[in-house]
Amino acid sequence: MELIAQSDLILVFGASLNMWTTRKGKLVSDSARVMQIDIDKDRLGLLRAADLKVEGDAASVAGALVAALDATGGIDPGRHAWRSAE
């Protein structure tokens, strides 16, 4: 929960972002950007606004994101910190 509260970008796969998953809205920072991925387009942004809504299968979208990051050199498998100064 601590990492979510400190995050500036949150990727949400198949979750509704309801009052329990967001600790009544207090868990997600007001300055955080939220990308919500769900196979049901009617669930996107339903309980909490999402900056980017993606309709799709969670595994397929996650795979596409990893492939895109990998193609641009955006993934450093040796990095252990969840956040870098870059």
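# Strands and burial in a predicted model

Visitor: How much accessible surface does the protein have, and which percentage of that surface belongs to carbon and sulfur atoms?
Guide: The accessible surface, obtained by the Shrake-Rupley method with a 1.4 Å probe, where for residues only the protein chains shown count as cover, comes to about 6,300 Å². This is a predicted model, in which local features need pLDDT of at least 70 and side-chain atom pairs count only at pLDDT 80 or more, while totals for chains, interfaces and linings use all residues. Residues are numbered from 1 along each chain as its sequence is written, and side-chain values use heavy atoms, with hydrogens and water left out. Of the accessible surface, the part that belongs to carbon and sulfur atoms is 55%.

Visitor: In what order do the elements of the protein run from the N terminus?
Guide: Helices (H or I, at least four residues) and strands (E, at least two) are taken as DSSP runs and numbered from the N terminus. On that basis the protein has 2 helices and 3 strands. From the N terminus on, the order is α-β-β-β-α.

Visitor: Which side chains of strand β1 point to the face where they are buried?
Guide: Buried means under 20% relative accessible area, exposed over 50%, and partly exposed in between, with a 1.4 Å probe and protein chains only. Along β1, residues 9-13, the side chains alternate, and Leu9, Leu11 and Phe13 point to one face and are not buried. The buried side chains, on the other face, are those of Ile10 and Val12.

Visitor: What is the area of the nonpolar surface patch made by Leu9, Leu11 and Phe13?
Guide: Patches are made of residues with over 30% relative accessible area and no salt bridge (a side-chain nitrogen of Lys or Arg within 4 Å of a carboxyl oxygen of Asp or Glu), with like charges joined within 9 Å and nonpolar side chains (Val, Leu, Ile, Met, Phe, Trp, Tyr) within 5 Å. Leu9, one of the contributors, lies in strand β1. The patch made by Leu9, Leu11 and Phe13 has an area of about 260 Å².

Visitor: Which residue of β2 stands opposite Leu11?
Guide: Two strands pair if DSSP finds at least two bridges between them, and β1 and β2 (residues 33-38) pair in the parallel sense over 5 bridges. Within β2, Arg33 stands opposite Leu9. Opposite Leu11 stands Met35.

Visitor: Why is β2 described as largely enclosed by the rest of the structure, and how many of its residues are buried?
Guide: Strand β2 pairs with β1 in the parallel sense, and β2 also pairs in the parallel sense with β3, residues 52-55, over 4 bridges. Gln36, which has its place in β2, is buried with a relative accessible area of 1%. The strand is largely enclosed because the buried residues number 5 of the 6.

Visitor: Which residue has its backbone nitrogen 2.8 Å from a polar atom of the side chain of Gln36?
Guide: Contact means heavy atoms within 4.5 Å, and, leaving aside neighbours within four places in sequence, Gln36 is in contact with a list of residues including Val12, Leu17, Arg48 and Val54. The residue whose backbone nitrogen lies 2.8 Å from a polar atom of the Gln36 side chain is Gly45.

Visitor: What is the phi of Leu17?
Guide: Leu17 is found in the loop between β1 and β2, and Leu17 is buried, with a relative accessible area of 10%. Its phi is a positive value in a residue other than glycine, near 55°.

Definitions and conventions:
Polar contact = N/O pair within 3.5 Å; in protein donor to acceptor, adjacent residues only side chain to side chain.
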